[in-house]
Structures are given as C-alpha cells and as structure tokens.
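Colleague: I would like to learn how to read cavities, pockets and helix crossings in a model. Could we go through one case?

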Amino acid sequence: MLHGGREHGTAAPPPWNLPGARLRVFESAIRRSTAGGDVLIGRVRYRHRGWNGDREDAAQDARRALRELEELTGDVPTVLVGHSMGARAALRAAGNPLVRGVVGLAPWCPAEDPVEQLRGRRVVLLHGDRDRTTDPRSSLAFAARAGAAGAEAASVLMDGSDHAMLRRAPAWHALAGRAVAGFLGLAELPAVIADQFPSTDTSW
C-alpha cells in the first residue's frame, strides 16, 4: 500500500496523516476480498513527503520496500496498491520480479513516465471523472500505452467521484479489493476490468 503525497517536499510525513488514513479503508476492503488466502498486507513508509523531481523519492521507497519484502518472505506474488503519488511510485517500481499487478487509485500519470517495466503485469487504474488534482484523461492514456508495451491494462472512470475518493467510496473499495484478489488468483476479476484484458484467466 502506497499513499499519496506531494510533488515537492523533503520533510518526512508524520506517522499519522490524511493520505495514509485514506488508504486504511482500502486495506480493510482488501482484507475482506482476500479472506481465506495467505495474504500479507504492508504499508510503505516514505522518507519524504514529495516526489521531488528526478529524485523520485517515493519510487525509490517503493523499490526498497519490495527488496525488504523479498528478504522477509522470499519470492511471493505481490500487488502494489497506490493512491495519487503512491500510484505513480507503484507503477515505476512494478518492474520488480515479485510484482504481479498494480492497482492505481486516482493515479498521477505524467505523459513522460515509462511503461516498459509493466510488460507482463496486470494494471488497473481507477479514476474519478471529477478529479481536479490528477487528470483522469492521463490514466486512460497511460493504460493505453501500458497495454501497447505488453501489460494487461485497464482503466475505469468512477462517475461523479473526485481525488479524495469519498463520493462512491463503496464502489472504489469494492473494485480495488476485488482487483487485488483477482490479480492474486483468489477470485474472479470484476467484469469491468476483466473485459478490458486480452485474457480473463486468473490462475497465475
């Protein structure tokens, strides 16, 4: 789980912050969707609040977390779930061999960001159509580029919702939780996601 942040900011985020709290509700939804599976859920703790240009601090922290996860558990199938800046970090770190998929929530997807690292991964980007912080059109474009690069990529516009994901919150939580379970082979993917993939086989 990778929460949101800022474009710039070198201060450390406080232990309790709104972006982190926002994802705890998603964490609960994922626990429900993966109940019965041997699933570990972890939270990435950023060293800095911001992305900070070429430093890509959040992406560096995501990569570090994946290395630590492998040291702790070995080679386990992993799904990265991130909101806003956290989604950008998840997408950038997805080239790690552990990663099976990425669930991006209102992701920050600049047009210049690479997609080659997503080849062979499953990616779903959920974005509110009233988001004024990150552009929902960028998610559509990013998913298309990722698909062309060899990912199974889907994008879902959440009607009437915005960056905070409070409007239609149950739908956000349900889709994210079921996507994680589907990527791990623990459940069928929601049709709105699976229908955008070339194959709906979830027995990874």
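Colleague: Which helix gives the largest share of the lining of the largest cavity?

Modeller: A word on the source before that: this is a predicted model. Helix 3, residues 85–93, gives the largest share of that lining, with three residues. The full lining is Arg88, Leu91, Arg92, Trp108, Cys109, Asp113, Pro114, Gln117 and Phe142.

Colleague: How many cavities of 30 Å³ or more does the structure hold, and what volume does the largest cavity have?

Modeller: There is one cavity of 30 Å³ or more. Its volume is about 30 Å³.

Colleague: How does the lining of the largest cavity divide by class?

Modeller: Five of the lining residues are nonpolar, one is polar and three are charged.

Colleague: Now the pockets. How much space lies in the largest pocket, and which residues are the closest to its centre?

Modeller: A pocket is an open set of points, whereas a probe in a cavity cannot get out. Here the largest pocket holds about 710 Å³ of space. It is lined by 29 residues, and those closest to its centre are Leu40, Ile41, Gly42, Leu69 and Thr78.

Colleague: Which elements give two or more residues to the lining of the largest pocket?

Modeller: Helix 2, residues 57–73, and strand 1, residues 78–83, do so. Helix 2 has the largest share, eight residues. By class, the lining of the largest pocket comprises 20 nonpolar, four polar and five charged residues.

Colleague: What is the volume of the second largest pocket, and which residues are the closest to its centre?

Modeller: The volume of the second largest pocket is about 330 Å³. Of its 19 lining residues, Gly4, Gly5, Arg6, Pro19 and Ser84 are the closest to the centre. Its lining divides into six nonpolar, nine polar and four charged residues.

Colleague: Next, helix crossings. Why are helix 1 and helix 5 called oblique to each other?

Modeller: The angle decides the word: 65 to 115 degrees counts as roughly perpendicular, under 35 as roughly parallel, over 145 as roughly antiparallel, and the rest as oblique. The axes of helix 1 (residues 18–33) and helix 5 (residues 169–183) cross at roughly 50 degrees and come within 8 Å. Helix 1 and helix 5 are therefore oblique. The crossing of helix 1 past helix 5 is right-handed.

Colleague: Which residues make the contact?

Modeller: From helix 1 they are Val25, Phe26, Ala29, Ile30 and Ser33. Helix 5 contributes Trp172, His173, Ala176, Gly177, Arg178, Val180 and Ala181. The residues of this contact comprise eight nonpolar, three polar and one charged.

Colleague: At what angle do the axes of helix 2 and helix 3 cross?

Modeller: They cross at roughly 55 degrees, and the axes come within 8 Å. Helix 2 and helix 3 are therefore oblique too. Helix 2 passes helix 3 with a right-handed crossing. On the helix 2 side the contact uses Ala58, Ala59, Ala62, Arg63 and Leu66, and on the helix 3 side Met85, Ala89, Arg92 and Ala93.

Colleague: How does the contact of helix 2 with helix 3 divide by class?

Modeller: Seven residues are nonpolar and two are charged, with no polar ones. Arg92 of helix 3 takes part in this contact, and Arg92 also lines the largest cavity.

Key:
Residues are numbered from 1 along each chain as its sequence is written. This is a predicted model: local features need pLDDT of at least 70, side-chain atom pairs count only at pLDDT 80 or more; totals for chains, interfaces and linings use all residues. Side-chain values use heavy atoms; hydrogens and water are left out. On a 1 Å grid over the protein atoms alone, a cavity is a set of points where a 1.4 Å probe fits but cannot get out, and a pocket is an open set with protein on both sides within 12 Å along at least five of seven lines; lining residues have an atom within 4 Å of a point. Grid points are joined across faces, edges and corners, and a volume is the space filled by probe spheres set on the points. Helices (H or I, at least four residues) and strands (E, at least two) are DSSP runs, numbered from the N terminus. Ala, Val, Leu, Ile, Met, Phe, Trp, Tyr, Cys and Pro count as nonpolar, Asp, Glu, Lys and Arg as charged, and the others, Gly among them, as polar. Axes are lines fitted to C-alpha atoms, for helices over the stretch in contact, and angles run from 0 to 180 degrees between N-to-C directions. A crossing is left-handed if the near helix is turned anticlockwise from the far one by less than a right angle, and right-handed if clockwise. Contact means heavy atoms within 4.5 Å.
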